[in-house]
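Dear colleague,

I am handing over the structure we spoke about, and you will find its sequence and model directly below. Please look through it first and then read the notes that come after it.

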Amino acid sequence: MIFHTIYKNNRTFAPLLTRFNNKMEIFREIGQLTCYLKNKRLNGKKIGLVPTMGAFHEGHLTLVKRSVKENDITVCSIFVNPTQFNNPEDLEKYPRNVDKDIEMLKANCCDVVFCPEVSTMYRKERIVQIRLGYLEEIMEGKFRPGHFQGVGLIVTKLLNIVKPDRAYFGLKDLQQFVLVKKLVEELNIDVEICGVPTVRNEKGLALSSRNERLSEREKEQALIFNRSLRLAQEMLKNGGKIKEVRDVILKNFQKDNSVKLEYFEIVDSETLRNIDSLNDCDNASLCIAGYVGKVRLIDNISIN
Ligand code: AMP
């Protein structure tokens with residue numbers, strides 16, 4: 001209650017209140033958000049967090065819908081996190097459309113949006129680093145040095161700010177999901193990490209904010225990623241050997257000049273370590289990444 005008075009009297013916040021609907025709260029400052037959520041927590045409300053970098057598609061909204069269903073309050077953060085971009089051009093070209101995102105969140109019954117400035121999230125001088133051992137050196141980590149240190153840092157900060165009961169991550173970014181689970185386990189952060197299955201378009205292309213940068217032709221060319229995963233899945237289910245499957249997929253990419261494969265890995269879904277046979281683990285995942293034109297795409301599927 002006290003907070004609401006402060007909040008509504010805050011002049012810097014007033015334009016936001018008139019511009020957006022009163023039901024969904026929009027915060028740019030950490031103190032105001034934590035104060036608001038503390039009040040909700042004291043009233044016994046369960047809080048779900050959906051961390052995002054915006055430029056929403058149905059994949060993001062599926063995470064939001066699930067959080068809305070499972071919690072009393074859903075907080076969605078929109079923050080294009082500079083520390084997880086190893087390529088300055090990728091950061092610069094990353095699609096941003098906060099106003100449209102906010103409308104989509106409203107339409108999906110999100111309760112709170114947190115969209116801070118970079119200077120709000122990061123001090124000029126930073127000394128804390130998060131290292132994630134072998135998990136930051138394989139697959140995505142190998143091709144995007146420093147990426148997961150940035151992810152680890154921003155996720156830890158968001159979890160500490162929001163203190164959610166549950167946090168939602170897409171299984172499309174499987175390595176991120178596995179790494180966040182490890183992070184909260186090892187740092188004893190009291191939150192349930194929930195994985196949400198990948199949402200695809202009708203042709204099988206995994207939805208991604210980066211797809212906005214693909215031409216119609218490139219979108220067709222990008223289907224090779226999902227087709228390769230499904231072909232490999234089929235071959236493995238029919239008793240194909242891992243080496244044979246890898247060779248077939250690599251050759252398919254060599255034949256197609258419009259795409260560039262960075263990696264194709266067959267891994268234990270829990271540890272993401274490479275396996276030699278499906279018998280090595282309870283569940284295996286096939287992970288792939290590469291470029292269509294200048295756009296980098298990733299995808300994965302589980303064998304089961
Ligand atoms: P991003 O804004 O790309 O950082 O994504 C925010 C969250 O949405 C992450 O947890 C992603 O894994 C998830 N996500 C992105 N694309 C999809 C998708 N196609 N299906 C399900 N979740 C997704």
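The notes below go through the domains, the two sheets and the empty spaces in turn.

This is a predicted model, in which local features need pLDDT of at least 70 and side-chain atom pairs count only at pLDDT 80 or more, whereas totals for chains, interfaces and linings use all residues. Residues are numbered from 1 along each chain as its sequence is written, and side-chain values use heavy atoms, with hydrogens and water left out.

To begin with the domains, the protein chain is assigned domain 1 (13-196) and domain 2 (209-302), with bounds that come from an automatic or database domain assignment. The centres of the two domains, taken over C-alpha atoms, are 27 Å apart. To their contact (heavy atoms within 4.5 Å), domain 1 brings 23 residues and domain 2 brings 20 residues.

For the sheets, helices (H or I, at least four residues) and strands (E, at least two) are DSSP runs numbered from the N terminus, and two strands pair if DSSP finds at least two bridges between them. Axes are lines fitted to C-alpha atoms, for helices over the stretch in contact, and angles run from 0 to 180 degrees between N-to-C directions.

One open sheet is made of six strands with parallel pairing, in the order β1-β4-β3-β2-β5-β6. At its edges stand β1 (25-27) and β6 (192-196), each with a single partner strand, so one side of each is left without a neighbour in the sheet. On average, and with direction ignored, neighbouring strands of this sheet are turned by 25 degrees against each other. Within it, strand β2 (residues 47-52) and strand β3 (residues 73-78) run parallel and are joined by six bridges, and Thr52 has Ile78 in β3 as its bridge partner. Helix α9 (residues 147-162) packs on this sheet, where it touches β2, β3, β4 and β5 (166-170), and its direction makes about 150 degrees with that of β2. Helix α6 (residues 98-107) lies across β1, β3 and β4 (112-114) and runs at about 165 degrees to β3.

Another open sheet has three strands with antiparallel pairing, in the order β7-β8-β9. Its edge strands are β7 (259-268) and β9, each of which pairs on one side only, and the twist from one strand to the next averages 15 degrees. Nine bridges hold β7 and strand β8 (residues 284-292) in the antiparallel sense, with Val259 standing opposite Val292 in β8. Helix α13 (residues 242-255) packs on the sheet and touches β7 and β8, its direction making about 165 degrees with that of β7, while helix α12 (residues 223-237) lies across β7, β8 and β9 and runs at about 155 degrees to β8.

For the empty spaces, the search uses a 1 Å grid over the protein atoms alone: a cavity is a set of points where a 1.4 Å probe fits but cannot get out, a pocket is an open set with protein on both sides within 12 Å along at least five of seven lines, and lining residues have an atom within 4 Å of a point. Grid points are joined across faces, edges and corners, and a volume is the space filled by probe spheres set on the points.

The second largest pocket has a volume of about 440 Å³. Domain 1 and domain 2 both give residues to its lining, so this pocket lies between them. Of its 19 lining residues, Leu171, Leu174, Phe177, Val178 and Ser269 lie nearest its centre, and α10 supplies the largest share of the lining, with six residues.

By this rule there are two cavities of 30 Å³ or more, and the largest cavity holds about 50 Å³ of space. Its lining residues include Lys172, Phe225 and Asp299, and β9 gives the most to this lining, with three residues.

With best regards
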